[in-house]
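I opened this model to look up a few things and kept short notes as I went.

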Amino acid sequence: MSADSAPQRSNRTTRATERTRRVRRSAALTASLAAAALLVTACGSGGTSGGGGNTNFVTGTDGVATVAQGKRTPAPDLSGKTIAGKTLDVADYKGKVVVLNVWGSWCNPCRAEAKYFAKVSKDYAGKGVQFVGINTRDTSTGAALAFEKDWGITYPSLYDPTGKLLLRFKKGTLNPQAIPSTLILDRDGRIAARSLSALSEERLLKMLKPVVAEK
C-alpha cells in the first residue's frame with residue numbers, strides 16, 4: 001500500500017459527504033419553495049381557483065367554494081405534533097364535522113377572524129363539530145401559543161412551519177392556497193367547503209351549518 005493511499009481515501013469520503021449534504025440542502029430548499037408557491041397569496045384576499053381538471057366545486061359570490069356530497073374528495077393525511085407538543089391526527093375525528101383553519105400568528109387577517117373561530121368553536125363543541133388549526137410559517141411555537149391565548153382559542157393546532165401538510169392537498173381539490181384558509185370536512189373526512197380569506201362569524205356559520213345539517 002502506498003503511503004498516500006489513506007489521505008486519498010479520506011478525500012474521497014469527504015467529497016462524498018459534501019455531495020450528500022448538498023443533495024439534502026437542495027431537497028429542503030425545493031420543499032420550501034414548493035410551499036411558498038402554494039401559499040403565494042398568503043395573508044391576502046385569496047382566490048377562487050382550485051387547480052386544473054374537473055374540480056367538481058362551485059364558488060359562490062361570497063368566495064366560498066362548495067362541493068356536492070357525491071363529488072367530494074377525502075382530505076389528505078393531516079397528522080403530527082401540535083403547537084402544544086401533543087400528537088394529533090385529523091382522521092381520528094371521522095364521524096364529526098371538522099373545521100380546518102390555516103393561520104399564522106404574523107398574519108393580520110388571521111387576527112381579524114380569530115375571535116369568531118374561538119366563539120363558534122365553543123358554540124358548536126357539543127354539536128358534533130371539531131375545530132383544528134394548522135399553524136404555518138411561524139418559526140417557533142411560542143408566538144403561536146401566545147396568539148391562541150390572546151384570542152381565547154382552545155382547540156388544537158397542528159404545527160406546520162414549512163407548509164408540508166398543506167402540500168399534501170392534491171391539485172384540483174379544494175386545497176388551501178392562502179393564509180388564512182378555512183376548509184370544512186364532512187363526517188366522512190371529505191372536503192365539503194373552502195374559503196381563501198378571513199371569515200366573519202356570519203360567513204363561517206354559512207359554511208358550517210349546511211354540512212352539520214347533512215344526514
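My entries follow, starting with the sheet and ending with one serine. I kept in mind that this is a predicted model.

**Sheet.** I looked up the strand order first. Seven strands form an open sheet, and I read the order as S1-S2-S9-S8-S5-S6-S7. The pairing is mixed. I then checked the edges. S1 (57–59) and S7 (157–160) stand there, and each has a single partner strand, so one side of each lacks a neighbour in the sheet. I also noted the twist: neighbouring strands are turned by 20° against each other on average, direction ignored.

**Edge pair.** Next I looked at S1 with S2 (residues 65–67). They pair in the antiparallel sense, over three bridges. I picked out one bridge: Thr59 has Ala65, in S2, as its partner.

**Helices on the sheet.** I asked which strands H2 (residues 108–123) touches. I found S5 (97–103), S6 (129–136) and S8 (181–185). The direction of H2 makes about 160° with that of S5. I turned to H3 (residues 141–151) after that. H3 lies across S5, S6 and S7. Its angle to S5 is about 125°.

**Ser197.** Last, I located Ser197. It sits in the loop between strand S9 (191–195) and helix H4 (201–212). Is Ser197 buried or exposed? I got a relative accessible area of 16%. The cut-off for buried is under 20%, so I logged Ser197 as buried. I also looked for a side-chain partner. The side chains of Ser197 and Arg203 are joined by a polar contact of 3.4 Å.

Note on methods
Residues are numbered from 1 along each chain as its sequence is written. This is a predicted model: local features need pLDDT of at least 70, side-chain atom pairs count only at pLDDT 80 or more; totals for chains, interfaces and linings use all residues. Side-chain values use heavy atoms; hydrogens and water are left out. Two strands pair if DSSP finds at least two bridges between them. Helices (H or I, at least four residues) and strands (E, at least two) are DSSP runs, numbered from the N terminus. Axes are lines fitted to C-alpha atoms, for helices over the stretch in contact, and angles run from 0 to 180 degrees between N-to-C directions. Contact means heavy atoms within 4.5 Å. Buried means under 20% relative accessible area, exposed over 50%, partly exposed in between (1.4 Å probe, protein chains only). A polar contact is a pair of N or O atoms within 3.5 Å; within protein, one must be able to donate a hydrogen and the other to accept it, and residues adjacent in sequence count only if both atoms are side-chain atoms.
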